[in-house]
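Reader: I am new to this structure and would like a close look at a single part of it. Could you take me through one part slowly, and through whatever it is joined to?

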Amino acid sequence: MITREQIYGKEATEILRFITTYHCIDRKHLRRIYPDKERQVDNLLKYLLRQGRIYTSPNTADVFFDNAECQIDKEMLTALWVYADFADRAEYNCIGEFPVKIMFFADSTEFDIIYIPEGKETLINCAIEQLDHEGKRLVIVERVEQIDLLTYF
C-alpha cells in the first residue's frame, strides 16, 4: 500500500520549505507556484496544520505561518507574488539580505526582488549601493512617484 508520504512527500517538503523560509505565504501563492495541483496543495496545507507544523490565525485563514506568533508581512507577500510569476522557471530561491526580499535564479540568471516602502527610497538607495552582486533587480514600489527617487535601478 502506498502511503500519503510516498504520494505527497516531495510537495509537502517543498511547501514546508516555502513557509519556513519566507515565514508567511498565502494559499494563492502556493496554488500559483504549483499549478494544476490545487487539491493537493489544499490537502497538504490541512495535513501540515493538523500536525502543528504550520499555523494560521482567525483573521488570516488563507495565510500560513511557520510559527504561531508570526504576523503578516505585507512586503514579503507582495514579493512572493512577483516570485510566483517566475516559479515555473526558477531553479533556486531563498530569502534575501536587506534590502532584497527574495533572491532566485531563473534561466541561469540571478534575480533580486526588492520592495520599497514609500518614504524609504533614500535608505534603499544606500543599501543597494552596498550590495556586492549584480543580479537583475525586480523592484516593487507602492506609488509610481517613488521611481524618480531611486538612483540604482
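**A helix and its salt bridges**

Author: At 36% relative accessibility, Arg32 counts as partly exposed, and this residue of helix 2 is a good place to begin in what is a predicted model. The side chain of Arg32 meets that of Asp85 in a salt bridge, at 3.5 Å from N to O. Because Arg32 lies in helix 2 and Asp85 in helix 4 (residues 74-86), the pair ties together parts that are 53 residues apart in sequence. Asp85 is also partly exposed, at 46% relative accessibility.

Helix 2 (residues 27-33) has a link to helix 3 as well, since the chain positions of Arg27 in helix 2 and Asp42 in helix 3 are 15 residues apart, and their side chains meet in a salt bridge of 2.9 Å, N to O. Here Asp42 counts as buried, at 15% relative accessibility, and Arg27 counts as buried with a value of 15%.

Helix 3 itself runs over residues 38-51, and its 14 residues reach 20 Å from the first C-alpha to the last, close to the 20 Å expected. Within helix 3, Asp42 is buried together with Val41, Leu44, Leu45 and Leu48. These residues cover an arc of only 165 degrees around the axis, which puts them on the same side of helix 3. On the other side of helix 3, Arg39 and Arg50 are exposed. After helix 3 comes Gly52, whose phi is positive, near 75 degrees.

How values were computed. Residues numbered from 1 in each chain as written. Predicted model: local features only at pLDDT ≥ 70, side-chain atom pairs only at ≥ 80, totals over all residues. Heavy atoms only, no water. Helix = DSSP H or I, 4+ residues; strand = E, 2+ residues; numbered from the N terminus. Expected span 1.5 Å × (residues − 1). Buried < 20%, exposed > 50% of the residue type's maximum accessible area, 1.4 Å probe, protein only. Arc of directions from axis to C-beta. Salt bridge = Lys/Arg side-chain N within 4 Å of Asp/Glu carboxyl O.
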